[in-house]
Structure formats: structure tokens, C-alpha cells
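Subject: Structure handover

Hello,

Here is the structure I promised to pass on. Please open it first, then read my notes beside it.

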Amino acid sequence: MTGRYRTTSEGETRKVAAACGAELRRGDVVALYGDLGTGKTQFVKGLCEAFGVSENVSSPTFVLLHRYRGRDRSGRELFIHHLDLYRVGSPEEVLDLGYEELFFGDGLVVVEWAERLGPLLPPRRIDVHLTAGVGENDREIIIERVITATQGARVGR
Amino acid sequence: MTVLGIETSCDETSAAVLRDGSLLSNVTATQLVHAKFGGVVPELASRAHVRMITPVVQDALAKAGVSPEGIDTIAAVYGPGLIGSILVGLSFGKAMAIGLGVPFVGVNHIEAHLVSNFIEEPRPDFPFVSLTVSGGHTQLVLVTGPLEYILLGETRDDAAGEAFDKAAKMLGIGYPGGPVIDKLARDGSPDAIQFPRPYLDEDGYEFSFSGLKTSLLYYLRKHQLTEERLQREPRLLADLCASFQAAIVDVLVQKLFTAAGRHGATSIAVAGGVAANSALRRRLEFESAKRKLRLFIPRFEYCTDNGAMIAMAGYLKAQKGMYSDLELPAVPNLRIGSTP
């Protein structure tokens, strides 16, 4: 799953994501980083394919959170929480979205604009960096498993 | 039947009173605070709803000349939208229904947009094809009767309004993107830059605006058009706005009229905030006149999020006995066709 990939179409980006999705487990958090138009939503579409999601996977920029119903490898129901923090100004606002339930539940969490989580970014996660290449459809995707020391951060009001 | 409708799915706090299908009042408080922050800020949104909900509902009742005891059904939106915002109106509506001992109806925000053309006369004939376009939605729906419809297609990625917002962000011209681009586009040429028309050649009714966003990004990169440079070259900025807008309008219009033709609709209806876009309106007026179709676009206050459409949908559901359980949860990505 981890590694560096180059894709030349949205379809290829989805394939890389689907392969990544096949190795994910319940409770995993996938943090996506990349500018506008680098294929973050396409990557989530691919991940969802790996879990047999039949619903339309679209950008949650406006509503911040989408939830899709999929199945894990044993056929058990699994929820994929698709967050998009593009409009979020500070990490505290994520608490309002039900942070604890989402990030410490038994579903899968995929976060676009993950850097906006700040100290709420879980120490154990899968980081996915998407960058645009020279050609209009060229993308570089770097996937890595990350374990950082717990910061003991306090975020609150 | 007197229905109170409550809408808090995004950044508008709105309430309306409707009696036997006729609107008595509609009060909307928009959270202008968002313009300052360049978008809808969720925490601010839900907190502002908490502050606004009581005065807005009181105002709607006062303007209608109806006391709380005069209300016999309460309708509130339960999705789709921002979870924190939905919860405010939904909980308020349920609590008021319990307090007054009247039935409660949960309303799907998209379904409410579909009936927004029934708030005022004249009303479209069934079947009609409806295009709902806003910051969060881009959907084409065949409406065959009151609350009877078939989803023909929707966006696979970004909504049309979202595409406008993100383009405005890339161009450094502010929020909300739709109105700003609309205004600047008036001085530009829609043919100056050829942006792609995604899915225009395909047979289906699905939309995709993500690729268009990417091609704007590459255009800006390729020609080294920074925000500063665009500010110095208003002509170029206007051309970019007009050309980008034309690509969106072309796709929306083409699919809408194809659907109307195939389904034998005599009316077409448009709802959602993007319906205010002047280029889209001009094209819709031109194309519908050419095809002898009746075009329905609600007044602006009923195009954007409003309590009146929630009250109307609530009224139609109540007439069919479609009341909701008080356990009804808020559903941020509620679809149409889904049952509560």
C-alpha cells in the first residue's frame, strides 16, 4: 500500500486508491493532503470502491461530512466517513462534527484538507499526499503509514 | 391546515407559516459573518442558528398573524446539510411539536427545493424537469406529481455552486464565488478561453465539475496568472470569469433541455442559489422560448434556502399522512428518494 505512484488519469488515481483501500481496516484514518484539483475526491471514490460502496461518492466541501455504507472483507457493514475541511477555519470546529465518534469509532475515516485538523490529527494514520505534475492529468501520490508521538494536545473552548 | 416550516440546513435561519397551501410569512436571517471568513464556518453556523432560531420563528408567526397555538403541524429540515446546523432547527421543531402537542414532519431539503415553484402562482404542470443548482447540490429530477419524482442525475464530484466558489478562490476574488464571477463576467468574453464542457457528449444526466476546476488551475499555472497579476489585468480576469461561467452554464442547460425533451415535459423548473446567475437565466429564457417550454424560476428569496419551501413540502407530506417519528435523526448526506 505504501509507496510513490504516478497516475495520468482520474481512473488511475481511483485504482491506486482502491488498492490502498484493500489493505485498510476498521478504525483506520486516512489523511489526504493536496491543493484544489489534485484528485482528493477521486481518491476517496477509489477507496470506497474497495468497500463496495454503491452510493454516489461526491465532494462534501459544502456539508463537510458524508457517510457511506460499505462492507468489510468479512461482509460486515462498515461506514466510511468522508470529511472535507476546506471550509473549516480552526480544529475546534471539527469537534462540532462529532470528532470523537468519528475518529474513535469502528468505521473508516477519510479526511480531505487533513492539515486543518492541526493537533486533532491522530498520531496513527495513513498519510496520502497528492501533487499535480506537469501535464494536466499527471499526479504524484505518496502513501505512507505514520505513527507520531502523542502530543497530548488540548483543543477546546 | 397551518404549517410552520423551519430551515437551518446551512447558513440561513429561516421560518415560514403556510395555511392550506398559501404562504402567510417567510422570514430569513442570513449569516453575513461567512463572507468575512470566505465560506460557511460550521461552528459559527450552528452557534448563529442557536441565536437566531427563536427570533426568526417568533417573527414568522407575528408576520403571519398566527399564535403558536394556531399552528397544527411543524415541519423542519433533517438533511442534507451541515450536521450541527440541521440539529438546531430539527431539535427546535421537534421540541415545539411536543410542547404544542401537534404532529411533526421531517423534510428533505432537496425535496423542498423541488416544491419551491409551488409557493407562488403560476405553478408548473406535471411532469416537469427540475434542475436544483446550489453550493451543495446539482441535480436533475423528473417531477411526476406532488412529492413524486425520479432522480435523473446528479454531480459525481463538485456541485456547480462549489465550482464557482473554488474558481473564485483560485482567482482571488472573494466569496461567495457565484455572484462575484457573475458580476465580473459581464465585462468579459465567454469565448475567450475554451474550457472543457464535461459530459456534454455523454448520454446520461450526470454532472462533473471537478475537471473544469482542474483546467482552470492549469490555465492559471501555465500562463503564470497570479492573483496580483489578475488584479492588474481586469480585462483578462473578466474573460476568465465569463469563459468559466459559460462552461458551467452550457452543461447545465444542455442536460436540462435534453431531459425535458426526452420525458415530454412542458415545463422546466430551476431552484437553488445558482438560479440567480444572470448568464444561466438568460440562456434558460432563450432556450425555453425556442422550444416553447414554460420556464419556472422562483423569486430569489425562494430560490435560496428558505422556510417557505420547507413549510410547502411539510404541508404536502402532512396531506399524505407522512408524519415523522420524533426520533428522526439529522442526516448530513441525505439523498432524495430516501425514506426517513
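From the N terminus on, the elements of chain A run β-α-β-α-β-β-α-α-β-β-β. That makes four helices and seven strands in chain A. Keep in mind that this is a predicted model.

**Chain A as a whole**

Start with the overall size. The C-alpha atoms of chain A fill a box of roughly 45 × 40 × 30 Å along the principal axes. Is the radius of gyration in agreement or in disagreement with that of a compact globule? Chain A has 157 residues, and a compact globule of that length would have a radius of gyration near 15 Å. Chain A has 15 Å, so the two agree.

Next, the inside. Of the 157 residues, 54% count as buried. Now take the contacts in chain A between residues at least 6 apart in sequence. Of these, 63% join residues at least 24 apart.

**Where chain A meets chain B**

How many residues of each chain are in contact with the other? The count is 33 residues of chain A and 34 residues of chain B. The area buried between the two chains is about 2700 Å². Carbon and sulfur atoms give 55% of that area. Three residues are worth finding on your screen: A:Leu36, A:Phe62 and A:Arg87. Together they supply 26% of the area that chain A buries against chain B. No other three residues supply more.

A:Arg87 also takes part in a salt bridge. Its side chain meets that of B:Asp165, at 3.4 Å from N to O. Why does this pair count? A salt bridge needs a side-chain nitrogen of Lys or Arg within 4 Å of a carboxyl oxygen of Asp or Glu, so 3.4 Å passes. The rule finds one salt bridge across this interface. It also finds 14 residue pairs in polar contact there, with both residues at pLDDT 80 or more.

Which elements of chain A supply at least two residues each to the side that touches chain B? They are α2 (40-50), β3 (65-71) and α3 (92-95). The largest share comes from β3(A), with four residues. By type, the residues on this side of chain A divide into 12 nonpolar, nine polar and 12 charged.

**Two residues to compare**

Look at A:Arg124 first. A:Arg124 is found in strand β6 (residues 124-132) of chain A. Buried or exposed? A:Arg124 has a relative accessible area of 61%. Exposed means over 50%, so A:Arg124 is exposed. Leave aside its neighbours within four places in sequence, and A:Arg124 is in contact with A:Val146 and A:Ile147. A:Arg124 and A:Met1 are 123 residues apart in sequence. In space they are 16 Å apart, C-alpha to C-alpha.

Now go to B:Ser85. B:Ser85 is found in helix α3 (residues 83-100) of chain B. Its relative accessible area is 1%. Buried means under 20%, so B:Ser85 is buried. What does B:Ser85 touch, not counting residues up to four places away in sequence? The list is B:Thr8, B:Ser9, B:Cys10, B:Ala45, B:Ser46 and B:His49.

**Backbone details in chain B**

Two peptide bonds in chain B deserve a look. A cis peptide bond joins B:Gly79 and B:Pro80, with omega about -10°. B:Pro80 is found in the loop between β4 (73-79) and α3 of chain B. Another cis peptide bond joins B:Phe126 and B:Pro127, and omega is about -10° there too. B:Pro127 lies in the loop between α4 (109-114) and β6 (128-133) of chain B.

Then check two phi angles. B:Gln224 is not a glycine, yet its phi is positive, about 50°. B:Gln224 is in the loop between α7 (210-222) and α8 (227-232) of chain B. At 63% relative accessibility, B:Gln224 counts as exposed. B:Lys292 is also a residue other than glycine with a positive phi, near 55°. B:Lys292 is in the loop between α10 (278-290) and β10 (294-296) of chain B. B:Lys292 counts as exposed as well, at 73% relative accessibility.

Best wishes

Notes: Residues are numbered from 1 along each chain as its sequence is written. Chains are lettered from A and ligands numbered from 1 in the order in which they are written. This is a predicted model: local features need pLDDT of at least 70, side-chain atom pairs count only at pLDDT 80 or more; totals for chains, interfaces and linings use all residues. Side-chain values use heavy atoms; hydrogens and water are left out. Contact means heavy atoms within 4.5 Å. Buried area is the accessible area (1.4 Å probe) that two parts lose on being put together, summed over both. A polar contact is a pair of N or O atoms within 3.5 Å; within protein, one must be able to donate a hydrogen and the other to accept it, and residues adjacent in sequence count only if both atoms are side-chain atoms. Ala, Val, Leu, Ile, Met, Phe, Trp, Tyr, Cys and Pro count as nonpolar, Asp, Glu, Lys and Arg as charged, and the others, Gly among them, as polar. Buried means under 20% relative accessible area, exposed over 50%, partly exposed in between (1.4 Å probe, protein chains only). The radius of gyration is taken over C-alpha atoms; the globule rule is 2.2 Å times the number of residues to the power 0.38.
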